[in-house]
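Work through the exercises below with the sequence and the coordinates at hand. Each task is followed by its solution.

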Amino acid sequence: FKRWLFNKRDAAGLLFESNAISKKTVERLHEQKILPYMDLYLYWLLLGGKKPTYTQMAELLYPVDLVEWTKDYGEVVRETVHPKAMMLLKSKVNIV
């Protein structure tokens, strides 16, 4: 399992030699909507609601009035943002 997890983190660009996340990495996670997604996801669960749909999350992360929807952002969240956010939530890293 450790080797599989290492390979997944490496492929996702979330591998850190010292278990520390640099400022540049945090900025990239924010730009890729991973940190905002984690905030929304955890807050939604904290409120006791059922798990939000990928489309609901996409509508909050990529508002139609700010982003021209030329693709299905619900799928972007499902295929990219959610898996990376869950991987980060389950990892042991230190933010420096």
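A residue counts as buried when its relative accessible area is under 20%, and as exposed when that area is over 50%. The model used here is a predicted one.

**Exercise 1.** Determine whether His82 is buried or exposed, and list what His82 touches.

Solution. Locate the residue first: His82 belongs to helix α5. Its relative accessibility is 12%, so His82 is classed as buried. Leaving out residues up to four places away in sequence, His82 touches Tyr37, Tyr41, Tyr54 and Val77.

**Exercise 2.** Classify the ring pair formed by Tyr37 and Tyr41, and place both residues.

Solution. A pair of aromatic rings is described by the distance of the centres and the angle of the planes. Searching the whole structure gives two aromatic pairs. For Tyr37 and Tyr41 the ring centres are 5.7 Å apart and the planes make 20°; planes under 30 degrees apart count as stacked, so this pair is stacked. Both residues sit in helix α3 (residues 34–46), four residues apart, which means a separation of about one helical turn. Tyr37 is buried at 1% relative accessibility, and Tyr41 is buried at 10%.

**Exercise 3.** Describe how helices α4 and α5 pack.

Solution. Take the geometry of α4 (residues 54–61) and α5 (residues 73–90): the angle is about 95° and the axes are 8 Å apart. Angles of 65 to 115 degrees count as roughly perpendicular, so that term applies to α4 and α5. Next, list the contact: Tyr54, Thr55, Met57, Ala58 and Leu61 of α4 meet Tyr73, Gly74, Val77, Arg78 and His82 of α5. By class, this contact of α4 with α5 comprises six nonpolar, three polar and one charged residues.

Methods:
Residues are numbered from 1 along each chain as its sequence is written. This is a predicted model: local features need pLDDT of at least 70, side-chain atom pairs count only at pLDDT 80 or more; totals for chains, interfaces and linings use all residues. Side-chain values use heavy atoms; hydrogens and water are left out. Axes are lines fitted to C-alpha atoms, for helices over the stretch in contact, and angles run from 0 to 180 degrees between N-to-C directions. Helices (H or I, at least four residues) and strands (E, at least two) are DSSP runs, numbered from the N terminus. Angles under 35 degrees count as roughly parallel, over 145 as roughly antiparallel, 65 to 115 as roughly perpendicular and the rest as oblique. Contact means heavy atoms within 4.5 Å. Ala, Val, Leu, Ile, Met, Phe, Trp, Tyr, Cys and Pro count as nonpolar, Asp, Glu, Lys and Arg as charged, and the others, Gly among them, as polar. Rings of Phe, Tyr and Trp (its six-membered ring) pair if their centres lie within 6.5 Å; planes under 30 degrees apart count as stacked, over 60 as edge-to-face and the rest as tilted. Buried means under 20% relative accessible area, exposed over 50%, partly exposed in between (1.4 Å probe, protein chains only).
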